[in-house]
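Let's take a friendly walk through this model, starting with the ligand and then moving outwards through the protein. Keep the structure open beside you as you read.

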Amino acid sequence: MLRVAVVGSGPSGCYTAQSLIQRDPEVHVDVLDRLPCPYGLVRYGVAPDHEKIKSLQGSLRTVLEHERVRFLGGVRVGGPGGLPVEHLRGLYHAVVYCVGAATDRRLGIPGEELPGSWSATEFVSWYSAHPDAADAGFLRGVRSAVVIGVGNVAVDVTRMLVRGAAELRPTDIPQAALDTLAASGLTEVQMAGRRGPAQARFTTKELRELGGLPGTEVTVDPAELALDPADPGALPAGPRRNVEVLRDWAARPATPAARRIRLRFFLRPVELLAEGGRVAAVRFERTAPDGAGGVTGTGRYEDVPAQLVLRSVGYRGVPLEGLPFDPASGTIPHREGRVLRDGVPSPGEYVAGWIKRGPTGVIGTNRPCAKETVTSLLADAPALGRADVPADPVEALRAAGVAPVSWDGWLAIERAEAELGARLGRGVVKLADWDTLLGAARVP
Ligand SMILES: Cc1cc2nc3c(=O)[nH]c(=O)nc-3n(C[C@H](O)[C@H](O)[C@H](O)COP(=O)(O)OP(=O)(O)OC[C@H]3O[C@@H](n4cnc5c(N)ncnc54)[C@H](O)[C@@H]3O)c2cc1C
């Protein structure tokens, strides 16, 4: 009987566990996560007002509740204070790393570190109640914001910035974030991409949603749309629909609204400008199509005032101590899911999800990705199964000073979140800090 550890309980970890139990009638899987709560970015990334996508947690839950799967929360693998990779490897026949891509990509421009300039990751973590997130006073004194990037995460943070209390109250957003967003004096968000509308990475569904937000007007500058040389008729379906939506908005007469979202194109950030030690504006260079599908600088600049700048130009994996890492792609090198050490498959070590293929695709993309890895693992199983491993790795973990949060502990957190919501006259409300989460998990 094979014992497998899956590190990370996000979509790729859960799909890996699911594929293993579906295809091997005897395998036992422990799903470890450094957080006491499961589901990775489905809990800590997907925006709270996207309840339908959030409800995917229900199908991940059935995997973690399977009789041959155990959730072991609060177990960090690698890094300071974490369980060393070599130690974990000795406790199981195989280990699958599904640790995601935890950090943001940098712009690499002056002023990026100014107070008031944050990565979208930091802002998302805050409104998602990630226990590592700090309340950085994101919206203090903010009247206008700039979101740099034109992907779905940029759309998420733009939408969250303008959402009102009535729309957020029914979600599980933590109370402090709800109060801050509800009280904010922000009136304008400009979301900017360095290329044209045809190259924007947001999906049409997410884009359209911006047009239906109560009390918010969306504007697009027809001159910026006109710069795009792409013939919409020749574009693939997704970009074509995006361009159609943007053209509709550009043609609409302006209407007064409490808040405004401006979608901007052909603007490359070159510097964040300060006033009184905080960010006050973003200096953009205007770009123009270079005729080869890219853009080139024009030497003309525009300063856009902003007391809050959110950078949303992609995610990156971080190295996990004890495992190989390719800094160029931000992933763990692999062949069909088998971890490569010095170019050679390392017995019993596998990867799946964002740390395997980089931060692209939707939640469902992680399912075939996990399946490929499990196919490799099961092909290796006859050799792996010969290793001598402890009958119960949890005993060995405890002996190594690790006290995992069990599934019952997670259920206790869920109850505490429901109770908090009831006290506040809301539905479920997320707990936002380590002490409260771990305290709740210990309640029998
Ligand atoms: C802000 C944001 C919003 C998104 N919204 C959507 C959406 O609406 N729809 C959609 O389809 N997709 C969305 N995505 C994409 C989707 O979330 C990803 O495809 C998916 O989460 C990737 O799965 P993963 O399991 O590889 O990583 P993750 O979901 O990041 O899971 C990784 C897990 O590993 C754990 N972990 C990390 N390091 C360690 C360690 N050292 N030891 C132990 N555990 C560790 C983490 O705590 C985490 O639980 C969004 C992504 C982001 C960033």
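## The ligand and its contacts

A good place to begin is leucine 41: one of its backbone N or O atoms lies 2.9 Å from an oxygen atom of the ligand. Isoleucine 363 also uses its backbone, with an N or O atom 2.8 Å from a ligand oxygen. Aspartate 33 takes part through its side chain, where a polar atom sits 2.5 Å from an oxygen of the ligand. The protein covers 90% of the 1,000 Å² of accessible area that the ligand has on its own. Two elements, α1 (11-23) and α7 (152-162), are the ones that give two or more residues to the shell around the ligand. Please bear in mind that this is a predicted model.

How many residues surround the ligand? There are 31, and the closest are Ser12, Asp33, Leu41, Val77 and Ile363. Sorted by class, the shell holds 17 nonpolar, 10 polar and 4 charged residues.

## Helix α1

Helix α1 is one of the two elements just mentioned for the ligand shell. It is made of 13 residues and reaches 18 Å from its first C-alpha to its last, close to the 18 Å expected at 1.5 Å a residue.

Is α1 mostly covered or mostly open? It is mostly covered, with 11 of its 13 residues buried. The buried set runs through Pro11, Ser12, Gly13, Cys14, Tyr15, Thr16, Ala17, Gln18, Ser19, Leu20 and Ile21. Ser12, in that set, is also listed among the closest residues to the ligand.

## Serine 9, just ahead of α1

Serine 9 is found in the loop between β1 (3-7) and α1. With a relative accessible area of 0%, serine 9 is buried, because the cut-off for that class is under 20%. Its side chain joins that of aspartate 33 in a polar contact of 2.8 Å, and aspartate 33 is the residue whose side chain has a polar atom 2.5 Å from a ligand oxygen.

What else does serine 9 touch, beyond residues up to four places away in sequence? The list is Cys14, Val31, Leu32, Asp33, Cys37, Pro38, Tyr39, Gly40 and Phe71. For a sense of scale, the C-alpha atoms of serine 9 and leucine 235 are separated by 37 Å, and the two residues are 226 places apart along the chain.

## Arginine 264 and phenylalanine 266

Arginine 264 belongs to strand β10 (residues 259-264). Is this charged residue buried or exposed? Its relative accessibility is 4%, so arginine 264 counts as buried. Its side chain makes two polar contacts that are worth displaying: one with the side chain of glutamine 190 at 2.9 Å, and one with the side chain of glutamate 302 at 3.1 Å. Leaving aside neighbours within four places in sequence, arginine 264 is in contact with Gln190, Met191, Ala192, Gly193, Glu224, Arg286, Glu302 and Val304.

Phenylalanine 266 lies in the loop between β10 and β11 (267-275). Although it is not a glycine, phenylalanine 266 has a positive phi of about 55 degrees. It counts as buried because its relative accessibility is 1%.

## Two more loop residues

Alanine 129 is another non-glycine with a positive phi, here about 65 degrees. Its place is in the loop between α6 (120-127) and β7 (144-148), and at 2% relative accessibility alanine 129 counts as buried.

Glycine 79 sits in the loop between β3 and α5 (85-91). At 27% relative accessibility, glycine 79 counts as partly exposed. From C-alpha to C-alpha, glycine 79 and arginine 252 are 53 Å apart in space, with their positions 173 residues apart in sequence.

## Helix α16

Helix α16 (residues 407-423) has 17 residues, so at 1.5 Å a residue it should span 24 Å; its end C-alpha atoms are 24 Å apart, which agrees. The helix is followed by glycine 425, whose phi is positive, near 70 degrees.

Which residues of α16 are buried? They are Trp407, Gly409, Trp410, Ala412, Ile413, Ala416, Glu417, Leu420 and Gly421. These buried residues pack against α2 (41-44), α4 (57-64), β3 (69-72) and α17 (434-442).

Note on methods: Residues are numbered from 1 along each chain as its sequence is written. This is a predicted model: local features need pLDDT of at least 70, side-chain atom pairs count only at pLDDT 80 or more; totals for chains, interfaces and linings use all residues. Side-chain values use heavy atoms; hydrogens and water are left out. Helices (H or I, at least four residues) and strands (E, at least two) are DSSP runs, numbered from the N terminus. The expected span of a helix is 1.5 Å times one less than its number of residues. Buried means under 20% relative accessible area, exposed over 50%, partly exposed in between (1.4 Å probe, protein chains only). Contact means heavy atoms within 4.5 Å. A residue is near a molecule or strand if one of its heavy atoms lies within 4 Å of it. A polar contact is a pair of N or O atoms within 3.5 Å; within protein, one must be able to donate a hydrogen and the other to accept it, and residues adjacent in sequence count only if both atoms are side-chain atoms. Accessible areas come from the Shrake-Rupley method with a 1.4 Å probe; for residues, only the protein chains shown count as cover. Ala, Val, Leu, Ile, Met, Phe, Trp, Tyr, Cys and Pro count as nonpolar, Asp, Glu, Lys and Arg as charged, and the others, Gly among them, as polar.
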